[in-house]
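Me: I'm new to reading protein structures, and I'd like to take a close look at one part of this one. Could you walk me through a single helix and its surroundings, step by step?

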Amino acid sequence: PFTIEVYGGVSVFWYGDRIKGGTGMIIGNHRSNLDFSVGALIASRAPSLGGCGRLVPLMKNVLKYAPAVGWVCYLSGAVFLRRRWQEDKSKLTATVDDMVTHYPRPFWLGLYPEGTRFDEKKRDEAQEFARKRNAESRSKSSRSNNSSSSSSSSDDAPALMLPILENTLLPRKKAFVFFAQHRRLRNCMEHLHDFTIGCDGGDLLLRPFLRGTIRTKSLHIHTRQIAFDSLPKESRELEKWLYDCFIEKDRRLTYLNKHGRYPVEDKYQNSTGQKRHRCLCLCAAFSIWSMIWLFMCSTFAHWSVTSVNLFLFVVVLAHSLRNALKPTPSVPRERREGKKTH
């Protein structure tokens, strides 16, 4: 939360259901390579830190070796996957059994079904793949209908048509279906938290963030909370549910691109009045942890290391306080009421 809301100065607007605590799984669209910070921001909205307990994200295996961020994720219990399903399936089975048996409740299991961050090149590739697969499915279905004209004993259901999405990538179904069908996990989970994450002004990216050239004006997060046991149990129905979910995300993000906010029916949560107080509390927490770190540096490291860290702390804190004391932003009245601004 400190990274995005305070240091980054990005306004965060929340819509939909209010986040509740309890053990659950979270899914969302992947718009940022600051995904760990976005996940922590979402988890912080639960009623107290104990509302979500431990956040267990699924991540690409290569990220485990990224300096600082990868190590933090590894130590926090992230599950790193190689994207080879036979290997990953056995690892996920062991991880789920460990979570259900040994993890203190509550915990959240985090999944980005797209598998990678959205960009236009990947979107075009996903659309091309979906069109090609849909054409193959139609051709196969047509041949099947012709060959079975004299006998109607075929049990094969036609393949699902893949959605052509503009603002998200095509979701990968295997991990989601695996979790939703796992008997022990299904008995353990209380809710599925479905998040739609949208950026106004440009996606939230690490490189411009570090350079101080961040273009993201605001982050819009829509929450939908679903009872986990209400999810379908059959693979085909779960695939359809996931595709429908991302069709709805695509519709919501299209509206955001045109109007600067989500649709009126998405129930805007007007919590921005508490933003300044929240940001100042985050600055205080950052200061406390920084002081602990500086004390350790002064005790175990050369004075030059302590001096550099002290300088960085002063710069970051000054920049963050400036952002925290800015006037609290709000969604424009015309857009809040569903009217277009010209």
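Reply: Happy to! Let's begin with one term: an angle between two helix directions counts as roughly parallel under 35 degrees, as roughly antiparallel over 145, as roughly perpendicular from 65 to 115, and as oblique for the rest. Please keep in mind that this is a predicted model.

The part to look at is helix α6, which covers residues 174–181. Start with its meeting with helix α9 (residues 235–259). α6 and α9 pack at an angle of about 125°, and their axes are 10 Å apart. An angle of about 125° falls in none of the three named ranges, so α6 and α9 are oblique to each other. Their crossing is right-handed. On the α6 side, the contact is made by F176, V177, A180 and Q181, while α9 brings in S235, L238, E239, W241 and L242. Sorted by class, this contact of α6 with α9 has six nonpolar residues, two polar ones and one charged one.

Now turn to another neighbour of α6, helix α4 (residues 85–102). Here the packing angle is about 30°, with the axes of α4 and α6 11 Å apart. That angle is under 35 degrees, so α4 and α6 are roughly parallel to each other. The crossing of α4 and α6 is right-handed. W85, K89, L92, T93 and V96 of α4 meet K174, A175, F178 and F179 of α6. The residues in the contact of α4 with α6 divide into six nonpolar, one polar and two charged.

How enclosed is α6 by the rest of the structure? Six of its eight residues are buried, so α6 is largely enclosed. The buried ones are A175, F176, V177, F178, F179 and A180. You have already met these names in the contacts: F176, V177 and A180 touch α9, and A175, F178 and F179 touch α4.

Move a little further along the chain and you reach R183, in helix α7 (residues 183–188). Is R183 buried or exposed? Its relative accessible area is 60%, so R183 counts as exposed, the cut-off being over 50%. The C-alpha atom of R183 is 9.9 Å from that of K233, although the two residues are 50 residues apart along the chain.

To see where the partners of α6 sit, step back to the sheet. Eight strands form an open sheet with mixed pairing, in the order β4-β3-β5-β2-β6-β7-β1-β8. β4 (79–81) and β8 (268–269) are at the edges with a single partner strand each, so each has one side without a neighbour in the sheet. Helix α4 packs on this sheet, touching β3 (54–60), β4 and β5 (107–111), and its direction makes about 170° with that of β4. Helix α9 also packs on the sheet, where it touches β2, β6 and β7, and its direction makes about 30° with that of β6.

Let's finish with strand β6 (residues 191–200), where nine of the 10 residues are buried. β6 pairs with β2 (residues 24–28) in the parallel sense over five bridges, and I26 stands opposite H193 there. With β7 (residues 218–227), β6 pairs in the antiparallel sense over 10 bridges. In that pairing, T196 stands opposite H222, and H193 stands opposite Q225.

Terms used
Residues numbered from 1 in each chain as written. Predicted model: local features only at pLDDT ≥ 70, side-chain atom pairs only at ≥ 80, totals over all residues. Heavy atoms only, no water. Buried < 20%, exposed > 50% of the residue type's maximum accessible area, 1.4 Å probe, protein only. Helix = DSSP H or I, 4+ residues; strand = E, 2+ residues; numbered from the N terminus. Pairing = 2+ DSSP bridges. Contact = heavy atoms within 4.5 Å. Axes fitted to C-alpha atoms, helices over the stretch in contact; angles between N-to-C directions. Left-handed = near helix turned anticlockwise from the far one by under 90°. Nonpolar A, V, L, I, M, F, W, Y, C, P; charged D, E, K, R; others polar.
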